[in-house]
Amino acid sequence: MDNLTPARVVSELDKYIISQSAAKRAVAIALRNRWRRMQVEGDLRQEIIPNNIIMIGPTGVGKTEIARRIARLIDAPFVKVEASKFTEVGYVGRDVEAMVRELMGYAVNQARARLVEEHQEAARKVAIEKVLDYLLPFKKTAEEPSEEDQERMKRSRDKMRKMVLSGFMDDKEIEFEQGESESMPFEILPGMSMEILDINISEMLSSILPSKPGKRQKSTVANALKVITEREVNRLVTREKVAEVAKKAVEENGIIFIDEMDKIANAEKHAGIDVSRSGVQRDLLPIVEGSNVPTKYGIIDTSHILFISAGAFSMAKPSDLIPELQGRFPIRVELNSLTEEDFVRILSEPENALTKQYTELFKSENVALTFTKGAIAEIARFAALANEKMEDIGARRLHTIMNTLLEDYLFDMPDPKLKKVRVCKRFVTEKLNRVIKSEDLSRFIL
Ligand SMILES: Nc1ncnc2c1ncn2[C@@H]1O[C@H](COP(=O)(O)OP(=O)(O)OP(=O)(O)O)[C@@H](O)[C@H]1O
Ligand SMILES: [Mg+2]
């Protein structure tokens with residue numbers, strides 16, 4: 001996080017998302033401000049509230065994509081929820097607080113993975129010493145071993161340690177004691193939906209199939225090292241420790257992305273029909289304003305969680321949200337609808353550009369796929385045209401167009417006679433003209 005300056009965040013986002021610089025900047029600043037807050041000393045730190053953001057823009061222009069990339073970029077707990085989910089009638093169990101529990105669940109897994117890695121080496125050291133105890137059992141004698149004996153034992157232990165470390169002893173069979181397994185690492189509380197439980201399968205298995213304490217198991221040294229290391233890691237990385245680290249990560253760095261925020265705003269203020277929408281807003285308010293949410297890992301204070309919301313806001317406007325909620329989302333950024341020039345860049349520049357994706361897919365069938373510049377310009381032209389003639393679905397249009405364009409190949413491959421496909425302008429024009437000419441056809445295909 002230290003080196004994630006706003007400029008760095010924007011340049012990372014630039015690798016995947018074309019245009020939309022206002023949104024990228026806003027997100028980058030909000031992220032950095034949280035880091036800045038942590039550098040503030042004293043009481044003021046508590047006072048600094050997050051720069052919650054509303055991203056406003058038509059469909060398919062990169063709102064969700066920005067959030068998704070941010071999530072990968074920063075090492076912070078992140079969840080994406082759909083605001084409209086909370087309004088669905090009869091949707092049981094999905095209360096608004098679930099998003100915080102989900103975030104905590106994510107953070108717990110993240111923290112556990114990190115702690116396990118951190119303790120791996122120490123645990124392995126312990127495991128090696130334990131294995132040495134089994135390889136060179138200490139013979140009990142009536143009297144204290146002489147200094148000379150002790151010295152000799154230490155020497156042979158050092159020698160043996162070298163052999164174990166080098167892997168020389170890996171296949172040797174030993175009999176070692178299985179430890180006591182930990183208590184059940186998770187419990188299912190009534191009323192919790194499965195999605196908010198983070199179940200770690202290996203943890204589950206190890207607790208369901210406990211080895212009786214004191215029971216001896218025959219295995220190779222390599223396996224014993226593995227088993228004992230794992231056991232030591234589990235001893236070092238306790239549930240409490242994991243919860244503590246996760247709680248801090250959520251409270252200081254957590255991000256909740258609320259998609260389809262416009263769906264809970266009331267365009268017209270008539271009573272009745274939209275009760276559930278303002279209801280959701282009212283439910284949301286305390287979480288966004290900062291409140292304590294109980295989770296199975298402890299109470300989470302949501303005051304400094306960053307909320308990024310997004311929506312088309314074509315019918316309802318951000319000003320249709322209840323005032324208290326508006327106030328908690330001070331940053332508004334608009335994303336532009338995408339132009340033909342944007343499409344040219346989106347098709348070729350991002351690291352995950354569609355042309356690159358299809359090239360790799362073709363490669364798996366031993367076909368070299370290339371696109372000429374003219375072809376890309378033509379695809380972009382058709383995408384813009386289709387968005388204009390029908391509905392503007394933004395960059396999503398490129399997916400349908402590319403698929404229409406390449407469908408025959410995608411069906412015919414593998415074909416031993418086919419080694420190369422060069423998509424040129426004429427190919428695109430011929431293929432797509434037919435479709436776009438007929439409104440009916442294009443409605444179905446593009
Ligand atoms: N500016 C952009 N640059 C590159 N790719 C983009 C851009 N905008 C959208 N895309 C691509 O288009 C697809 C849809 O974008 P995204 O999911 O971000 O839409 P959205 O703005 O969240 O729309 P909606 O309002 O429908 O949720 C994604 O696959 C994304 O990669
Ligand atoms: Mg979206």
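The following paragraphs describe the confidence, the sheet and its helices, the ligand shell and two backbone features of a predicted model.

Across the protein chain the pLDDT averages 85, and 85% of the residues score at least 70. Confidence is not uniform along the protein chain, being lowest in helix 7 (residues 201–208), where the mean is 56, and highest in helix 13 (residues 354–363), where it reaches 96. Over residues 181–196 the pLDDT falls below 50, and this stretch has 20 contacts in the model beyond near neighbours in sequence.

An open sheet is formed by five strands, which follow one another in the order 2-5-8-1-9 with parallel pairing. Its edges are occupied by strand 2 (78–82) and strand 9 (331–334), each of which pairs on one side only. On average, and with direction ignored, neighbouring strands of this sheet are turned by 20 degrees against each other. Within the sheet, strand 5 (residues 255–259) is joined to strand 8 (residues 306–311) by four bridges in the parallel sense, and Ile258 stands opposite Ser309 of strand 8. Helix 4 (residues 63–73) packs on the sheet, where it touches strand 1, strand 2, strand 5 and strand 8, and its direction makes about 155 degrees with that of strand 8. Helix 2 (residues 21–39), in turn, lies across strand 1 (53–56), strand 8 and strand 9, and runs at about 150 degrees to strand 9.

Helix 4 also takes part in the surroundings of ligand 1, giving the most to the shell with three residues. The residues around ligand 1 number 18, of which Thr59, Gly62, Thr64, Glu65 and Ala395 come nearest. Classified by residue type, this shell is made up of seven nonpolar, eight polar and three charged residues. Because residues of the shell are given both by domain 1 (6–106 + 245–334) and by domain 3 (340–435), ligand 1 lies between these two domains.

Two features of the backbone may be added. The peptide bond that joins Met413 and Pro414 is cis, with omega at about 0 degrees, and Pro414 is placed in the loop that runs between helix 15 (396–412) and strand 11 (420–423). Glu260, a residue other than glycine, has a positive phi near 55 degrees, and is found in the loop between strand 5 and helix 10 (275–289).

Note on methods. Residues numbered from 1 in each chain as written. Chains lettered and ligands numbered in written order. Predicted model: local features only at pLDDT ≥ 70, side-chain atom pairs only at ≥ 80, totals over all residues. Pairing = 2+ DSSP bridges. Helix = DSSP H or I, 4+ residues; strand = E, 2+ residues; numbered from the N terminus. Axes fitted to C-alpha atoms, helices over the stretch in contact; angles between N-to-C directions. Contact = placed C-beta atoms within 7 Å. pLDDT = per-residue confidence, 0-100. Near = placed C-beta within 6 Å. Nonpolar A, V, L, I, M, F, W, Y, C, P; charged D, E, K, R; others polar. Domains from an automatic or database assignment.
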